Amino acid sequence: MINKEPWYDLNIEINYFITFKTVAKFGSFSEAAKKLMLSEGTIRHRVETLEKFFGVKLLDRYPKGIKVTQFGDLLLQKLNKLDDFITDLYSLKNIDQNSDKKNIRICGGEIAIFEIVPKVIKAFKKENKEIDIFIESNHARDCIAKLLLNKVDIAIVGEFMFPEFKNQWRKLETYNILETPLCVIVPASSPLALRKQISLNEIKDMPLIRRTPGSATQAIIDKLIGKNLQSNNKFYFEVETASTLIQAVSLNLGIGIVSEVQAKKFSKPSKVKILKLDPPLKVKLKVAIKKENNKAIVKKFLEYIMNNRIILSRHR
């Protein structure tokens with residue numbers, strides 16, 4: 001019997017349920033790891049976390065494979081329509097943002113929240129002191145989920161076309177606000193540190209530290225060069241944030257791909273060297289709102305962003 005833990009001690013994310021569905025579908029942790037481009041350890045950890053969350057086993061493990069338990073079957077039935085499940089998952093915390101006409105809630109990834117949004121808000125607030133703006137940092141995937149559920153008014157991310165939201169893309173309006181280059185970071189002690197740039201063909205043969213799947217940067221990397229990297233079994237592990245990835249690289253645990261903004265913010269020249277990609281790759285940062293959002297102040301803030309993109313470019 002698995003020991004129960006309080007739900008508030010566990011970090012349950014939507015992609016944990018996606019992971020469980022994939023394991024059940026393929027009947028194998030290793031096959032699910034290949035499909036999701038994650039380490040097998042990450043796959044097992046997510047399933048075990050869900051089991052702790054529910055307090056029962058979802059899978060029976062055998063030497064020659066796995067079998068979904070009765071409770072696991074019940075959970076899979078709930079997961080057949082993932083869009084509905086996501087809505088149910090957030091329903092207890094869902095807040096009608098349209099009820100407060102003087103609030104704007106923004107969710108964004110690391111680049112947006114730490115480097116861009118504060119600058120824009122500071123300038124916007126000078127002209128609109130009566131408007132309260134609340135910001136939160138999250139993975140791009142979670143930002144889009146919250147936007148679709150009306151938990152936030154605006155999402156500022158590098159990617160919004162995550163497969164699980166495919167049927168809801170049409171509900172969003174998106175605008176490109178700036179581009180930031182991707183770069184490769186390597187340990188300062190590596191022979192690669194003597195170089196100024198590196199090609200994608202070289203990267204696919206090296207131990208690469210990945211961001212977790214909810215990351216916009218990782219989604220873009222997978223989309224652009226994932227096919228080249230799928231045959232590489234040298235993914236050492238996954239990390240949640242760019243700063244953690246850069247720290248892992250500084251400890252000589254592998255190399256990583258991040259935006260230049262993040263690399264310059266979190267890297268120490270004595271520990272990490274930044275290499276340009278050849279050919280160059282860029283992340284297009286986007287601002288997204290729901291088409292049905294009729295809050296005048298949201299439209300006003302969006303218009304301000306689009307008319308003052310020079311402010312955004314100053315972060316580089």
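Five aromatic pairs are found in this structure, which is a predicted model. A pair of aromatic rings is described by the distance of the centres and the angle of the planes. Two of these pairs are worth a visit, and the table sets them side by side.

| Pair | Centre to centre | Angle between planes | Class |
|---|---|---|---|
| Phe54 and Phe71 | 5.3 Å | 55° | tilted |
| Phe124 and Tyr304 | 5.3 Å | 75° | edge-to-face |

Let us begin with the tilted pair. Planes over 60 degrees apart would count as edge-to-face and planes under 30 degrees as stacked; the rings of phenylalanine 54 and phenylalanine 71 have their planes at 55°, so the pair is tilted. Phenylalanine 54 belongs to helix α3 (residues 40–54), while phenylalanine 71 belongs to helix α4 (residues 70–78), so this pair ties together parts that are 17 residues apart in sequence. How covered are the two rings' residues? Phenylalanine 54 has 27% relative accessibility and counts as partly exposed. Phenylalanine 71, at 31% relative accessibility, also counts as partly exposed. Both residues belong to one aromatic cluster formed by Phe17, Phe53, Phe54 and Phe71.

Now to the edge-to-face pair. Phenylalanine 124 sits in helix α6 (residues 110–127) and tyrosine 304 in helix α12 (residues 296–307), so the pair ties together parts that are 180 residues apart in sequence. Here phenylalanine 124 is buried, with a relative accessible area of 1%. Tyrosine 304 is buried as well, with a relative accessible area of 12%.

Phe54 turns up again where two helices meet. The axes of helix α1 (residues 14–26) and α3 come within 9 Å of each other and cross at roughly 110°. That crossing makes α1 roughly perpendicular to α3, because angles of 65 to 115 degrees fall in that class. On the α1 side, the residues in contact are Asn15, Tyr16, Phe17, Thr19, Phe20 and Val23. They meet Ile43, His45, Arg46, Val47, Thr49, Leu50 and Phe54 in α3. Phe17, listed here for α1, is one of the members of the aromatic cluster too.

Next come two helices that can be read alongside each other. Helix α7 (residues 140–148) is mostly covered, with nine of its nine residues buried. Among them are Ala140, Arg141, Asp142 and Lys146. After α7 comes asparagine 150, whose phi is positive, near 65°. In helix α10 (residues 242–250), the buried residues are Ala242, Leu245, Ile246, Ala248, Val249 and Ser250. Just after α10, asparagine 252 takes a positive phi of about 65°.

A strand deserves a look as well. What covers the picture on the two faces of strand β8 (residues 208–211), buried or exposed residues? Leu208 and Arg210 on one side are buried, and so are Ile209 and Arg211 on the other, leaving both faces covered. Strand β8 pairs with strand β10 (residues 255–259) in the parallel sense, over two bridges. Within this pairing you can find isoleucine 209 opposite glycine 256 in β10.

Finally, a word on cysteines. A disulfide is a covalent bond between the sulfur atoms of two cysteines. How many disulfides does the structure hold? The count is zero. Cysteine 107 has 0% relative accessibility and counts as buried. Cysteine 183 is buried too, with a relative accessible area of 0%. Another buried cysteine is Cys143, in α7.

Note on methods
Residues numbered from 1 in each chain as written. Predicted model: local features only at pLDDT ≥ 70, side-chain atom pairs only at ≥ 80, totals over all residues. Heavy atoms only, no water. Buried < 20%, exposed > 50% of the residue type's maximum accessible area, 1.4 Å probe, protein only. Helix = DSSP H or I, 4+ residues; strand = E, 2+ residues; numbered from the N terminus. Phe/Tyr/Trp six-rings, centres within 6.5 Å; stacked < 30°, edge-to-face > 60°. Disulfide = S-S within 2.5 Å. Pairing = 2+ DSSP bridges. Axes fitted to C-alpha atoms, helices over the stretch in contact; angles between N-to-C directions. Parallel < 35°, antiparallel > 145°, perpendicular 65-115°, else oblique. Contact = heavy atoms within 4.5 Å.
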